[in-house]
Amino acid sequence: MTMNKATSIPVNVCPMCNGTLAEGFTTFSADIQGRLFVARRVPARICEQCGEEWLENAITIELEQRAMAAFEARSEVEIISFAA
Ligand SMILES: [Zn+2]
């Protein structure tokens, strides 16, 4: 399974371009063995310069857990709203 853009960033500086990261939300999607998992309103830090989106490790772990739970329930497509 592929989780793109998952990394740990100690400071609010973009590892790609050294731009400033701003708090925001993104839509996360993963294609796992032919099944699609989509999470809307995922908290992310977004580079104001290049637009790259970075997820916290804890967020990535929770996404993985929720994706696995959805697929254990045999959902072909799972779309969730991550933040309330
Ligand atoms: Zn950047």
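**Strand pairing, helix packing and core of the predicted model**

Among the elements of the protein, strand β4 (residues 77-81) has the lowest mean pLDDT, 89, and β2 the highest, 95, where pLDDT is the predictor's confidence in each residue on a scale from 0 to 100. Over the protein the mean pLDDT is 86, with 87% of the residues reaching 70 or more. The structure is a predicted model, in which local features need pLDDT of at least 70 and side-chain atom pairs count only at pLDDT 80 or more, while totals for chains, interfaces and linings use all residues. Residue numbers start from 1 along each chain as its sequence is written.

The secondary structure comprises one helix and four strands, the elements being DSSP runs numbered from the N terminus (helices H or I, at least four residues; strands E, at least two). Their order from the N terminus is β-β-β-α-β. Strand pairing, for which DSSP must find at least two bridges between two strands, links β2 to β1, β3 and β4. The strands β1 and β2 run antiparallel and are joined by 11 bridges, with F25 having P43 of β2 as its bridge partner. Two residues lie between the strands of this hairpin, in which Q33 takes a positive phi near 50°. G34 is also found in the loop between β1 and β2.

Strand β3 (residues 53-54) pairs with β2 in the antiparallel sense over two bridges, and W54 in β3 is the bridge partner of R45. The hairpin of β2 and β3 has five residues between the strands, and here G51 takes a positive phi near 85°. By contrast, the pairing of β2 with β4 is parallel and extends over five bridges, A39 standing opposite I80 in β4.

The helix α1 has 16 residues and reaches 23 Å from its first C-alpha to its last, close to the 22 Å expected at 1.5 Å a residue, the expected span being 1.5 Å times one less than the number of residues. Its buried residues are L63, A67 and A70, a residue being classed as buried if 20 or more other C-beta atoms lie within 10 Å of its own, exposed if 12 or fewer, and partly exposed in between, with C-beta atoms placed from the backbone. These residues cover an arc of only 60° around the axis, which puts them on the same side of α1; the arc is that of the directions from the helix axis to the C-beta atoms. The buried residues of α1 pack against β1, β2 and β4, whereas N57, A58, Q65, A69 and E72 are exposed on the other side of the helix. Just after α1, R74 takes a positive phi of about 65°.

Of the 84 residues of the protein, 15% count as buried. The largest nonpolar core (a set of buried Ala, Val, Leu, Ile, Met, Phe, Trp, Tyr and Cys residues joined through C-beta atoms within 7 Å) has 13 residues, and those with the most contacts inside it are A39 and V42. The elements giving two or more residues to this core are β1 (21-32), β2 (35-47) and α1 (57-72), and the largest share, five residues, comes from β2. Residues up to four places away in sequence aside, V42 touches F25, T26, T27, F28, L55, I59 and F82, a contact requiring C-beta atoms, placed from the backbone, within 7 Å.

Note on methods: Two residues are in contact if their C-beta atoms, placed from the backbone, lie within 7 Å.
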